[in-house]
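Ready for some practice in reading a protein model? Take a pencil, look at the picture, and try each task before you read its solution.

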Amino acid sequence: MAVQTGTVLEETADHRAIREAVGGIAAKFGPAYYQQQVDDGGNCAELWKVLGSNGYLGVHLPEKYGGGGLGLGELAIVVRETAIAGCPMQSMLFSSGVTGTILDRSADDEQKERWLPGVASGDVRLSFAITEPDAGSNAHRISTTARHEGDRYVLNGQKVFITGMESAQWVMVVARTSLDEASGRGKLSVFMVDKDSPGLSWTPIRTVMNQPDKSHQVFFDNVEVPAENLIGAVNKGLAVAFTGLNAERILASSLCTGIGRYALAKAVDYANQRRVWDTPIGAHQAVAHPLAAAHIHLQAAELVTDRACALYDSGAEVGELANTAKYLGAAAGLEALDAAVAVHGGNGVTYEYQLAPYFWLVRMLNMGPVSKEMILNFVAEHALGLPRSY
């Protein structure tokens, strides 16, 4: 039985075409391919290449640079459909979503010409490095420094939980370029750094997330970066970064709701086929109700995410809705996956039934990027007008 995978809003012909095309491509790969990539240390290069060559990795980027000239809403469809097919790729969030969007919105024309065509085609993968061991959600405490020396900057410091370094050619780095003496807060800037730069090294962090895109510690030891690789204005890096971080939050919701839809479809099929005492287990309310609730919550998250995409693409302020979409999407995806595992009983925790291997990825996305608690802090302060609590 097919499970509805879209929202109740009327779907445009263009969106339907993208959804069907991407879904058809990703279905040829699927969960077995995804797991094989994890087991063999791959990075879904074949799927990435097909998506890129057909224009879907850069669907939101300007046509001038090889993109599709559409918006974040269309990229969100690509992210969600690949996840629905059992191939959720965090690298799409960071390469196409965060860094691609930051370059599009904040880079100068020469920089766009240099990097965006490769991002759009998928020939170039990017990583994004902002998180640090001692900074967490407080970006003003970033301690990685970029010291200006003549025609270059020299980077020193450390980043942690940086995704996709193993497959990236470039990493976009947020570093401190000066300090506000009055507040003690760091003033930040954004740089494009060649991954092969002398002094740049990284080491994988062993996790249980079962995904091709690995997390890493990244170290900068007197890494020299040409001044021409500064993206946006010096000391204005936080504003530059947030053009991509809001996109990241929206796309993280799409990734989680896509996994949720994938899991829910498998659970519904299983509940219709599995019989105990001559009755499909889906006839029992204890089985049906958690799946119905998961569907409701997925649909609500998808509606908010679609609205966030529309606002983002219109150029409107989207901070509250981007955070809300992330909060709802991550929670709904985890709820659906947990319910699907439960419906399968012992089979739910086997690799054969292709559910439990996705659990820790969705669980992690409930913590970051941006935790539920920080989302609630943001909404309490900015939407409700409550005093700042941190």
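Below are five exercises, each with a worked solution.

Before you start, note that this is a predicted model, in which local features need pLDDT of at least 70, side-chain atom pairs count only at pLDDT 80 or more, and totals for chains, interfaces and linings use all residues. Residues are numbered from 1 along each chain as its sequence is written, and side-chain values use heavy atoms, with hydrogens and water left out.

**Exercise 1. Find the two annotated domains and describe their make-up.**

Step 1: Start with the record. UniProt, in an unreviewed entry, places "domain: Acyl-CoA dehydrogenase/oxidase N-terminal" at residues 12–123. It lists "domain: Acyl-CoA dehydrogenase/oxidase C-terminal" (also unreviewed entry) at residues 235–383. UniProt positions follow the numbering used here, feature names are shortened, and annotations may be inferred rather than shown by experiment.

Step 2: Turn to the model. Residues 12–123 are 70% helix and 0% strand, with end C-alpha atoms 29 Å apart. For residues 235–383 the values are 74% helix and 3% strand, with 28 Å between the end C-alpha atoms. Helices (H or I, at least four residues) and strands (E, at least two) are DSSP runs, numbered from the N terminus.

**Exercise 2. Work out how strand 7 is paired.**

Step 1: Recall that two strands pair if DSSP finds at least two bridges between them. Strand 7 (residues 215–226) pairs with strand 3 (residues 152–163) in the antiparallel sense, over nine bridges. Here Thr 163 has Ser 215 of strand 7 as its bridge partner.

Step 2: Look for another partner. Strand 6 (residues 200–205) runs antiparallel to strand 7 and is joined to it by six bridges. Trp 202 stands opposite Val 218 in strand 7.

**Exercise 3. Which side of helix 3 is buried?**

Step 1: Pick out the buried residues (under 20% relative accessible area with a 1.4 Å probe, protein chains only; exposed is over 50%, partly exposed in between). In helix 3 (residues 45–53) they are Leu 47, Trp 48, Leu 51 and Gly 52. These residues cover an arc of only 130° around the axis, so they sit on the same side of helix 3. The arc is that of the directions from the helix axis to the C-beta atoms.

Step 2: Check the other side of helix 3, where Lys 49 and Ser 53 are exposed.

**Exercise 4. How many disulfides does the structure have?**

Step 1: Apply the rule: a disulfide is a pair of cysteine sulfur atoms within 2.5 Å. Searching the whole structure gives zero.

Step 2: See why for Cys 309: its sulfur is 14 Å from the closest cysteine sulfur, in Cys 256, which is too far for a bond. Cys 309 counts as buried at 3% relative accessibility, and Cys 256 counts as buried at 0%.

**Exercise 5. Count the aromatic pairs and study two of them.**

Step 1: Rings of Phe, Tyr and Trp (its six-membered ring) pair if their centres lie within 6.5 Å; planes under 30 degrees apart are stacked, over 60 edge-to-face, and the rest tilted. The count comes to seven aromatic pairs.

Step 2: Phe 29 and Tyr 33 have ring centres 4.9 Å apart and planes at 65°, so this pair is edge-to-face.

Step 3: Trp 115 and Trp 170 are also edge-to-face, at 5.3 Å centre to centre and 80° between the planes. Trp 115 lies in helix 6 (residues 109–121) and Trp 170 in strand 4 (residues 170–179), so the pair ties together parts 55 residues apart in sequence. Both Trp 115 and Trp 170 are buried.
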